[in-house]
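Visitor: Hi, could you walk me through this model? I'll jump around a bit.
Guide: Happy to, ask away.

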Amino acid sequence: MSDSPDLSALLARGGWELVDPRPTAAQHPETFEMPTVAELDALVPGSMVRAIFQVATIADVVRDGLAPYDPDGRPHLVSQRERMWAIVTGVDGDMVECALDNQPFATHTNLSIYDRLSLPVSHLIATGAPVPDYDDFLAFLAKWEADPESPGADPTSPVDPLAPPRIRSDQQEVCDRVGARAEPPWPMGSGLLAKNVTPQSLLVYGARFPADAERKDTGWVVFAENDDFETVSKTVGFTVATLQDMYQAHPAIWPYITLPTGWGFTLAAGTEHDVYPVEITDD
């Protein structure tokens, strides 16, 4: 992990902290807009608010220029910023009580979706209209918090810097199934997506090749129907897409996206999905 004092302090506080956006807004007033006084005054239970969080996460070659693990297998950790939405549950003067409405991408933070937070209105970067089914959300939140199987961890409890990356349970299951060490890619990193991949595709292939930081390329290639890369390239063709765009194109790939370089998968409708090593050549 990094020996940065700031990162160590971040991990000691649960792997996250709220970022004050006002200095950035003052420095870039034309491109960084803050909510107006009227928008802040209009906040009520059920309103959406957005804030910036500094979070601890495993390194990514594309984003950080740093391998995710050191030679001894210990995670290389960095701090990054994530913008996340929350649902207001109460307004008290200059503070809003809320429940986080996003699951952080960060791998070394105890902050999780539905965590209860108190946010200063001065730190909000956006607001949104009240959710339409707020009462239903409150009922769901109460049930979630009462469920003994819900995470329920204190979001401010210290994070072990040597812990494996926190990823989705379905992603962890895939890595565990083949004994692979998870390498969560940067969601805004890119890959090659065949132009014929859709959510309805019945046969989808994916393979992760070495990342190229200069091109922000995570190494992921996803294509459909034909398992020959050259044939797909010459007929259907590929487009450069972010991993988030790839998810939109075929959500079923997401459990496999943390597989490390040198692994691939086949998703075939009606059959068990397959995970396997892929050959990587130097050319």
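Visitor: Where is Lys216 found?
Guide: Lys216 sits in the loop between β8 and β9. Helices (H or I, at least four residues) and strands (E, at least two) are DSSP runs, numbered from the N terminus.

Visitor: Before we go on, what kind of model is this?
Guide: This is a predicted model, where local features need pLDDT of at least 70, side-chain atom pairs count only at pLDDT 80 or more, and totals for chains, interfaces and linings use all residues. Residues are numbered from 1 along each chain as its sequence is written, and side-chain values use heavy atoms, with hydrogens and water left out.

Visitor: Thanks. Back to Lys216: what about its phi?
Guide: Lys216 has a positive phi of about 55°, although it is not a glycine. Most residues other than glycine have a negative phi.

Visitor: Buried, exposed or partly exposed, that Lys216?
Guide: Lys216 counts as partly exposed because its relative accessibility is 47%. Buried means under 20% relative accessible area, exposed over 50%, and partly exposed in between (1.4 Å probe, protein chains only).

Visitor: And what is the phi of Tyr114?
Guide: Phi of Tyr114 is near 75°, a positive value in a residue other than glycine. Tyr114 is placed in the loop between β4 (95-100) and β5 (116-120). With 18% relative accessibility, Tyr114 counts as buried.

Visitor: Let's zoom out. How many helices and strands are there in the chain?
Guide: The protein chain has eight helices and twelve strands. Its C-alpha atoms fill a box of roughly 60 × 45 × 45 Å, taken along the principal axes.

Visitor: Why does the radius of gyration agree with a compact globule?
Guide: Because a compact globule of 283 residues would have a radius of gyration near 19 Å, and the protein chain has 21 Å. The radius is taken over C-alpha atoms, and the globule rule is 2.2 Å times the number of residues to the power 0.38.

Visitor: What share of the residues is buried?
Guide: Buried residues make up 44% of the 283 in the protein chain. As for contacts (heavy atoms within 4.5 Å), residues 24 or more positions apart account for 68% of those with a separation of 6 or more.

Visitor: Now the largest nonpolar core. Which members touch the most others?
Guide: Ile253 and Leu259 do, in a core of 30 residues. A nonpolar core is a set of buried Ala, Val, Leu, Ile, Met, Phe, Trp, Tyr and Cys residues joined through side-chain atoms within 4.5 Å.

Visitor: Which elements feed into that core?
Guide: Those giving two or more residues are α6 (169-178), β7 (190-194), β8 (203-208), β9 (217-224), β10 (238-242), α8 (243-249) and β11 (263-268). β9 gives the most, with five residues. Apart from this core lies another, of 18 residues, including Val55, Cys98, Leu100 and Leu124.

Visitor: What does Leu259 touch?
Guide: Not counting residues up to four places away in sequence, Leu259 touches Val174, Cys175, Val178, Ala180, Glu183, Arg208, Trp220, Gly264 and Val275.

Visitor: And Thr258, where does it lie?
Guide: Thr258 lies in the loop between α8 and β11 and is buried, with a relative accessible area of 2%. Leaving aside neighbours within four places in sequence, the contacts of Thr258 include Cys175, Glu183 and Arg208.

Visitor: On to pockets. What volume does the largest one have?
Guide: The largest pocket has a volume of about 1,400 Å³. Of the 49 residues lining that pocket, the closest to its centre are Gln103, Pro104, Phe105, Ala106 and Arg166. On a 1 Å grid over the protein atoms alone, a pocket is an open set of points where a 1.4 Å probe fits, with protein on both sides within 12 Å along at least five of seven lines; lining residues have an atom within 4 Å of a point. Grid points are joined across faces, edges and corners, and a volume is the space filled by probe spheres set on the points.

Visitor: Which element gives the largest share of that lining?
Guide: β3 does, with six residues.

Visitor: And how much space lies in the second largest pocket?
Guide: About 550 Å³. The closest to its centre, of 23 lining residues, are Ala207, Phe209, Val221, Phe229 and Glu279. β9 gives the most to this lining, with five residues.
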